[in-house]
Amino acid sequence: MKTPFFKAALSIVRKDFLAELRSRELVGAMGLFVLLSVLVFSFALELNRQARAETVGGVLWVTVVFASILGLNRSMAMEREQGNFEALLIAPIDRAALYVGKLIGNYVFTVAVSLPLLVVMTVLYNVAVITPEVIGVLLLGAFGMTVVGTLLAAMTVQTRAREALLPIIMLPIVLPVLLAAVRATNAILSRAPLAQWSDWLLILVVLAVIYLVMCLLTFGFIVEE
Amino acid sequence: MTDTALITIRKLVKTYGALPVLRSIDLDITRGESVALLGANGSGKSTLLRLVAGLSKATSGEIRVGGWELPREAHAIRAQIGLVAHRTLIYDNLTARENLRFFGRLYSLQDIDARIERGLARVGLAKRGGDVVRTFSRGMQQRLAIARALLHDPAVLLLDEPYTGLDVSAAEILDDLVLHSHTEGRTILLITHELERAARLAGRVIILSKGKVGYDGATPDDLPARYRQIVGTVSAG
């Protein structure tokens, strides 16, 4: 009677990709935001080489977190516009499958915008940002943020001030992820040994797991009313 | 619960904070019945429909659909319900076929393609199945919404003010689809503010007033007068 969990989740992912492929609203808006943000930071912070290396982690993550908020708002707005979220809620699927489906889509869109950001930052900041370690931290940090953001976007999408509300609620909750990701990125860029930033990496993993479990357990209650 | 009751509601109460919206509702809706749910704005019609659809949780009381109980057996009930609302519940960036295929997968349907083609033909959109929904008129979108709601062949069709924003001809097409759906044996629960339409489509009328059932019975010949007596005003429709 109930649609299998991963079949339902993957159907939602496929639908999100198809809609995005057709409209390019989400990645387009996020991409443009990322580009403009990095340019503004680059002109605003006219720093020497050493100072640039020290700030690049912060610039990268502030840009990623705001781009992800923009994408999350848009992704959930798509579900709200024609009342589609109700059509999803009335389908015989697990609420958690709905969450996982939206999460995967949001995560892929965030990563799809964040990876080219590394290239742009390498050019503008003249710092070698594209390393396997930075990419690893980016994938992990973006996951932690998207896990929380998907839940909160589902909650705030039903409110009138959703676009303002999501960052207000989300930023304090993802602050530990942001902090760990910035510290790990800065340590990697300053060529510190793994031992010096492995704790931050561990914190990112632990936070992602804790947030994911909590979100899976609470999503059903949040979307119920 | 009567032997043939498909939807059974007992002592249903719904409050939002301290505000009571439904006050101890008792209803039995028989399989194959066509019921119009009437009442003024804020009388609790949409809340009742949302509760039956499992979109909202009752404060107290019992709802059973097809013998299954909400919210414990919500998945089984959801598979039995099709919902058409004033909003279309479809994705306007996808084509009509892509929309139906998506919902078909969510309901884990077999032979999805055949169902999609049958559904599109039923609502007269077979030739526009490959077109993106945002290019459709409001009436066409609402017809597609009916195709979506019926794709999994539900026993119950819930219609929450589906005529909002439709012109006369689009509303008449929707009327035909609702009537046809009823002749196929489906139980119809329709919310509308149009008394004339309610009288035409429904064999039974339930009038809600201030969260209580003010009238429940066969559609009376003097529906506007009965409605006025219970609710106080006659709807503009």
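**Entry 1. A pair of residues in the six-stranded sheet**

I began with B:Leu157, which stands opposite B:Ile188 in E8(B). The model I am reading is a predicted one. Leu157 drew my attention to strand E7 of chain B, residues 156-160, and I noted that 5 bridges join E7 to strand E8, residues 187-191, with the two running parallel.

I then looked up what packs on this sheet. Helix H1 of chain B, residues 45-53, does so and touches strand E3 (34-39), E6, E7, E8 and strand E9 (204-209). I recorded an angle of about 150° between the direction of H1 and that of E7(B). Helix H8 of chain B, residues 223-231, also packs on the sheet, where its contacts are E3, E9 and E10. For H8 the angle with the direction of E9(B) is about 25°.

**Entry 2. The sheet as a whole**

I traced the strand order in chain B as E6-E7-E8-E3-E9-E10, an open sheet of 6 strands with mixed pairing. At the edges I found E6 and strand E10 (212-218), each of which pairs on one side only. Neighbouring strands here are turned by 15° against each other on average, direction ignored.

**Entry 3. The four-stranded sheet**

I next followed a second open sheet of chain B, whose 4 strands come in the order E2-E1-E4-E5 with antiparallel pairing. Its edge strands are E2 (19-30) and E5 (68-70), each paired on one side only. I noted an average turn of 20° between neighbouring strands of this sheet, direction ignored.

Between strand E4 (residues 60-65) and E5(B) I found 3 bridges, and the two strands run antiparallel. B:Arg64 is the residue that stands opposite B:Glu69 in E5(B).

**Entry 4. Chain B overall**

I listed 8 helices and 10 strands for chain B. Its radius of gyration is 18 Å, close to the 18 Å that the globule rule gives for 237 residues, so I take chain B to be as compact as a globular protein of that length. Along the principal axes, the C-alpha atoms fill a box of roughly 50 × 40 × 35 Å. I noted that 47% of the 237 residues count as buried. Of the contacts in chain B with a separation of 6 or more, 66% come from residues 24 or more positions apart.

**Entry 5. The contact with chain A**

I closed with the contact between the chains, which takes 28 residues from chain B and 23 residues from chain A. On the side of chain B that touches chain A, helix H2 (74-78), strand E6 (81-85) and helix H3 (96-106) each supply at least two residues. The largest share, 5 residues, comes from H3(B). By class, I recorded 16 nonpolar, 6 polar and 6 charged residues on this side of chain B.

Key:
Residues numbered from 1 in each chain as written. Chains lettered and ligands numbered in written order. Predicted model: local features only at pLDDT ≥ 70, side-chain atom pairs only at ≥ 80, totals over all residues. Pairing = 2+ DSSP bridges. Axes fitted to C-alpha atoms, helices over the stretch in contact; angles between N-to-C directions. Contact = placed C-beta atoms within 7 Å. Nonpolar A, V, L, I, M, F, W, Y, C, P; charged D, E, K, R; others polar. Rg over C-alpha atoms; globule rule 2.2 N^0.38 Å. Buried ≥ 20, exposed ≤ 12 C-beta atoms within 10 Å, placed from the backbone.
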